[in-house]
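Work through the following exercises with the sequence and the model open beside you. Try each task on your own before you read its solution.

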Amino acid sequence: MPHARNRNPSPIPEVTWDTGLKEMNETWKGAIACLGVAVFFVMTIGIIYWQVVDQPNKNWILRGTFSGLIWERRTQSLVIQTLDEDKTYVEIDVGNVGSPDTEVPFVRNLCWLNKTEFCYTWESVAEVKISLEVSEETECYGMSWTPASCHVVLKDCFSMSNVSWYGGGSVRGQSWPINGQNTSMQPFIVSDLRDTSSGYGSALERYFLGSSGTRVAVLLSPDIPVQLGVESRQQFCLQSLPGMERLPLQYSVCVARHVKAVHQEAALQLSPHSRELPNMRTLWLPFWNFLASVDSGAKVEKELRTLSNRLRRHHLSEGVISLNEHSTTLLADMDHDYLTGRKRGLSKRQIRDLGLVKLLNISITLTPFMSVHTAQFHTSLAGGEPYWLSLPSGPQGQLIPVLSQWGGRFCVKLNITNPAAVGWFLDRVGALQDLLAMEYVLLEGAEGSLHEGQGQGSLRPLGGERYIGLMADVAARMGESAIMTAGTRSSHKPVFVRMPALQSDWGPQGLRGLIPSLLHHALLGYNFLLPDAVGGSLSGDMVTDKELFIRWLEVAAFLPVISFHTPPWLYGEEQVLNLTRVYIAQHQDMVVPLIEKYSEEWRTTGHPIYRPMWWLSPDDPATFAIDDQFLIGDEVLVVPVVERGAVRRDIYLPDGGFQWQDSRSAEVFDGGTLLRDYPVALDEVAVFLRRS
């Protein structure tokens, strides 16, 4: 019988096999678990390493056609570069978005798939939205920072490393570029530099132009308060104002391949309206300051006769006599019964009956201030109209004029937002012009950092910046012969602007600062200037330094208007009088026609009439910091002497693919040439004419 196979083997081998398998499974499980922990540990270390060490230091945020915006993680800055990263337009330090304890990560766009916008939020600090607008020649990045709370102060700083910056606000001792300035963080508004010597005054626009071989413009939002500080040769910073409101920080950064393109884009944003020319006849007339210190209208008339006779005797009779506010008030308060019999149809010169100045024009000075001790002030109150900047006495209280000071007196200031008040002021101006037969009106006192209320009890501040723009509207309504002492948001209006007074010395607050101030005003659009008087007038004293007077006169001859504080006959030398006549004639024969020619270009393009060296050589670093030469248009280069005792100076001829001819010797030089120790005698000024 065949042997039958046992179908139920001994359980011992089975048990032995199961035990071995289980032991092997546990071993592999432990190994796999250890391996998993190791892999997890390695991955964790890798992620940490990637985040801390190996994460890219920068990532692209937005890209245009030739530029892009990059986030630099280590420096916590925004950088605009060319797409090939070959050139940097500007570097903006965002200052940890207002909090030194905030760690800024590798940022991601929260605007999703929108390629022209970037959004990001730093929790409890701020959120940012950046938009890109691309045109044919420029690309503009609109930056808008919004704080998470009113306690957060936003601060963005623009590096001055390898970039020369221009623009902003006038300062005492103006520099060109502004890299050498040092101003503390303060509200970016127009102040009266006579009272606030460390502030911003005269010409101020929310516009900065950077030059580094590439071109970049920074334009601040026009209606949001902001602070500005300049740290010499390091950076300039924009900072939001702390307060009860969450005030944003908003600005645009525009880049272009060419300086004219980026400046023209800025000009369009600064002056969206058509540009108007002022009275161009003003360019032909030298201004003579009336300096007599008198206490009655009769004495003003007597001194005017004396000044008029002297001007006529020295063959300087065609011009304008400029009266200050005090002399204007004295004449206005006189009894002018002798003027009541005027015949209609006669000119102001023909009807003027002061027994004098019939060959001269007269400029009077007015302000928006009114002394509280005058009868006119009390009369204005009786009318019931809010003619003066006022605040309510309570929630539903009566409007009370706010007191301020002007000229050492307690005054109130015209409520420029009230049409009735403006009409009253214009009627007053017209009455004075008719009474005194004056051709020009100088408006002082619009500048200042007032924050009084406006309108019917509104507490919204009416700062000096907005007040100036509104006063320029009033000035334009006076005709084409108005002059203001400050300009902001008003470069397109038909008004002359007077440059700040300078010291009577050779330093940066004297003659050395005249050309930087000229270039600053012109870049911001204020080409039609009434410069400070020859020799400086800040102290009010006569200039005794003959050399300073002559060198200053040589510069003034090429400016829009020649103004005098110290009369040239004071020196008792025929040389000074002869030079005064020569340079007045040169101004009228050569300079005025040039200004008239390039004023049409300014009107259509916004290009400055007075131009720096880099305007013709935008890629030449040698031109970026030249602050003692200037161009009139593209064809006349003026190179005055601004150093005491110098009869030689270095001259740099900008290279635009053309040559320059010395107007004195007719010698011709190639552009890009540096002329060392070029002779310029005391009675000469070097002028070069462009040759194609």
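**Exercise 1. The protein as a whole**

Task: For this predicted model, state how much surface the protein exposes and which atoms supply 53% of that surface, and then describe its residues and its secondary structure.

Solution: Begin with the surface, where the protein exposes about 31300 Å², of which carbon and sulfur atoms supply 53%. Turn next to the residues: the protein has 692 of them, and 54% count as buried. The secondary structure consists of eleven helices and 37 strands. Finally, look at the contacts with a separation of 6 or more, of which 65% are between residues 24 or more positions apart.

**Exercise 2. The disulfides**

Task: Find how many disulfides the protein has, and work out the pairing of the bonded cysteines when they are numbered in sequence order.

Solution: Recall that a disulfide is a covalent bond between the sulfur atoms of two cysteines. The step that needs a cut-off is the search itself, in which a pair of cysteine sulfur atoms must lie within 2.5 Å; by this rule the count comes to three disulfides.

- Cysteine 111 is joined to cysteine 119, with an S to S distance of 1.8 Å, and both of these cysteines are buried.
- Cysteine 140 is joined to cysteine 254, S to S 2.1 Å, and the link is right-handed, with 110° about the S-S bond. Because cysteine 140 lies in strand E7 (residues 138-147) and cysteine 254 in strand E16 (residues 249-256), the pair ties together parts that are 114 residues apart in sequence.
- Cysteine 157 is joined to cysteine 237, S to S 2.1 Å, and this link, with 105° about the S-S bond, is right-handed. It connects distant parts of the chain, since cysteine 157 is in strand E8 (residues 155-159) and cysteine 237 is in strand E15 (residues 235-239), 80 residues apart.

Numbering the bonded cysteines in sequence order then gives the pairing 1-2, 3-6, 4-5.

**Exercise 3. Buried or partly exposed?**

Task: Decide whether cysteine 157, cysteine 237 and cysteine 150 count as buried or partly exposed.

Solution: The reasoning needs one cut-off, namely that buried means under 20% relative accessible area. Cysteine 157 has 6% relative accessibility and therefore counts as buried, and cysteine 237, at 1%, is buried as well. Cysteine 150 reaches 22% relative accessibility, so it counts as partly exposed.

**Exercise 4. Two open sheets**

Task: Give the strand order of the open sheet of eight strands and of the open sheet of three strands, and say which strands stand at the edges.

Solution: The eight strands follow the order E28-E27-E26-E25-E19-E18-E17-E29, and their pairing is parallel. Strand E28 (529-530) and strand E29 (563-564) each have a single partner strand, so one side of each is left without a neighbour in the sheet. Within this sheet, strand E26 (residues 482-484) and strand E27 (residues 496-498) pair in the parallel sense over two bridges, and methionine 484 has valine 497 in E27 as its bridge partner.

The three strands follow the order E20-E24-E23, with antiparallel pairing. Here the edges are strand E20 (369-371) and strand E23 (404-406), and neighbouring strands are turned by 55° against each other on average, direction ignored. Three bridges join E23 to strand E24 (residues 409-413), where serine 404 has cysteine 411 as its bridge partner. Cysteine 411 is buried, with a relative accessible area of 0%.

**Exercise 5. Two helices and their surroundings**

Task: Explain why helix H10 (residues 546-556) is largely enclosed by the rest of the structure, and list what isoleucine 468 touches.

Solution: Ten of the eleven residues of H10 are buried, so the helix is largely enclosed. Its buried residues, among them Phe549 and Trp552, pack against helix H9 (514-523), E29, helix H11 (574-605) and strand E31 (630-632). The N-terminal end of H10 is capped by aspartate 545, a side-chain oxygen of which lies 3.1 Å from the backbone nitrogen of glutamate 547.

Isoleucine 468 lies in helix H8 (residues 464-477) and is buried, with a relative accessible area of 0%. Not counting residues up to four places away in sequence, isoleucine 468 touches Val190, Ala446, Glu447, Met484, Ala486, Gly487 and Thr488. Isoleucine 468 and methionine 484 are 16 residues apart in sequence and 9.0 Å apart in space, C-alpha to C-alpha.

Conventions: Residues are numbered from 1 along each chain as its sequence is written. This is a predicted model: local features need pLDDT of at least 70, side-chain atom pairs count only at pLDDT 80 or more; totals for chains, interfaces and linings use all residues. Side-chain values use heavy atoms; hydrogens and water are left out. Helices (H or I, at least four residues) and strands (E, at least two) are DSSP runs, numbered from the N terminus. Buried means under 20% relative accessible area, exposed over 50%, partly exposed in between (1.4 Å probe, protein chains only). Contact means heavy atoms within 4.5 Å. Two strands pair if DSSP finds at least two bridges between them. A polar contact is a pair of N or O atoms within 3.5 Å; within protein, one must be able to donate a hydrogen and the other to accept it, and residues adjacent in sequence count only if both atoms are side-chain atoms. Accessible areas come from the Shrake-Rupley method with a 1.4 Å probe; for residues, only the protein chains shown count as cover. Axes are lines fitted to C-alpha atoms, for helices over the stretch in contact, and angles run from 0 to 180 degrees between N-to-C directions.
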